[in-house]
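Subject: A structure for you to look at

Hello,

I am passing a structure on to you, with some notes to read alongside it. Please open it first and then come back to the text.

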Amino acid sequence: MISKFGLIIIGDELLFGNRIDQHQAHFQTLLRQHGKQLTRCWILPDEQQSLIRHLSFSMCEQIPVFVCGGIGATPDDLTRNCAAEASGVSIERHSEAKKLIEGQFGESAYPTRIKMADLPSGCKLIPNPHNQIPGFTINHHYFLPGFPEMAWPMAEWVLKEYYSGILKNFQERSLLVLNTPESSLVQLMDEMNLQLTDLKLFSLPKFNSKGCIELGLRGDGEIDSAFETLQKALIEYGIPFQKFE
């Protein structure tokens, strides 16, 4: 019944401005295409203690999380070891990952590339169609390369492999409130929120629009009946609105 996902993007180059992140926008679209929802996104540095703390917290949550970056073989690639520590397991050479890397690079897999087969004990592999160097999953976290060309098809595989049978899907419906300050919606929204299950009520004021507000619901609950209730509540409050075409 899972529809909510997290995203963690790792790399100093993003925080320092050497590269522009492409992952957040892509994962928003990808998850929506699969009826899922991105509910949080963190950008983290290549810093051991920060990664361990954030991954430990994230693994205590009950939502699946994609993690992009830092699984290479250079000294600043810390994600594999930090994922192991956050999971409370050791690092060990994964036999299948070892075979894949040796098959791809032969003797040149040593001494450096083979380090990418050193993974958290007990993890499962995520296939990489680009160059056969796998990602891995542990504790409902899916660790992928930082390169979009590799990470995005691997994430697609994860969704199909692990979440294709999920019945609950993320939905969103909204309408346009007219000539009304957002403060006038607070009581109505408070009353609606008491009735909602697995849905979130949102309001998005239109800047310089003279009181036009997009008001709606999103989530994986029974959205159609809740949307009807929202419209009835607006009528009862005497608040004008129009539906989107």
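Below is what was found, starting with the whole chain and moving on to particular places.

Please keep in mind that this is a predicted model. The protein has 245 residues, and 46% of them count as buried. Its secondary structure comes to eight helices and 12 strands. Taken along the principal axes, the box filled by the C-alpha atoms is roughly 75 × 40 × 30 Å. If you look at contacts between residues at least 6 apart in sequence, 69% of them join residues at least 24 apart.

A helix pair to look at

Try finding helix α3 (residues 48–60) and helix α4 (residues 79–87) in your viewer. Their axes come within 8 Å and cross at roughly 45°. That angle makes α3 oblique to α4, as it falls between the limit of 35 degrees for roughly parallel and the 65 degrees where roughly perpendicular begins. The crossing of the two helices is right-handed.

Which residues make the contact between them? On the α3 side they are Gln 48, Leu 51, Ile 52, Leu 55, Ser 56 and Met 59, while α4 brings Cys 82, Ala 83, Glu 85, Ala 86 and Ser 87. By character, this contact of α3 with α4 divides into seven nonpolar residues, three polar and one charged.

The aromatic rings

The next topic is the aromatic side chains. A pair of aromatic rings is described by the distance of the centres and the angle of the planes. The count for this model comes to 10 aromatic pairs.

One of these pairs is Tyr 142 with Tyr 162, with ring centres 5.5 Å apart and planes at 50°, so the pair is tilted. Tyr 142 sits in strand β8 (residues 141–144) and Tyr 162 in helix α6 (residues 148–163), so this pair ties together parts that are 20 residues apart in sequence. Tyr 162 also pairs with Tyr 163: here the ring centres are 6.4 Å apart and the planes again stand at 50°, so this pair is tilted as well.

Are these tyrosines buried or partly exposed? Tyr 142 has a relative accessible area of 4%, so it is buried. Tyr 163 is buried too, at 8%. Tyr 162, in contrast, has 31% and is partly exposed.

These three tyrosines belong to one aromatic cluster, formed by Phe 5, Phe 27, Phe 66, Tyr 142, Trp 157, Tyr 162 and Tyr 163. Selecting these residues together is a good way to see the cluster in the model.

Backbone details in the loops

Three places in the loops are also worth a look. In the loop between α5 (95–105) and β5 (118–120) you will find Pro 111. The peptide bond leading from Tyr 110 to Pro 111 is cis, with omega near 5°.

Gln 132 lies in the loop between β6 (124–126) and β7 (135–138). Its phi is near 70°, a positive value in a residue other than glycine. With 34% relative accessibility, Gln 132 counts as partly exposed.

Which value does phi take in His 140? It is near 50°, which is again positive in a residue other than glycine. His 140 lies in the loop between β7 and β8, and with a relative accessible area of 25% this residue is partly exposed.

Enjoy exploring the model.

Best wishes

Key: Residues numbered from 1 in each chain as written. Predicted model: local features only at pLDDT ≥ 70, side-chain atom pairs only at ≥ 80, totals over all residues. Heavy atoms only, no water. Axes fitted to C-alpha atoms, helices over the stretch in contact; angles between N-to-C directions. Helix = DSSP H or I, 4+ residues; strand = E, 2+ residues; numbered from the N terminus. Parallel < 35°, antiparallel > 145°, perpendicular 65-115°, else oblique. Left-handed = near helix turned anticlockwise from the far one by under 90°. Contact = heavy atoms within 4.5 Å. Nonpolar A, V, L, I, M, F, W, Y, C, P; charged D, E, K, R; others polar. Phe/Tyr/Trp six-rings, centres within 6.5 Å; stacked < 30°, edge-to-face > 60°. Buried < 20%, exposed > 50% of the residue type's maximum accessible area, 1.4 Å probe, protein only.
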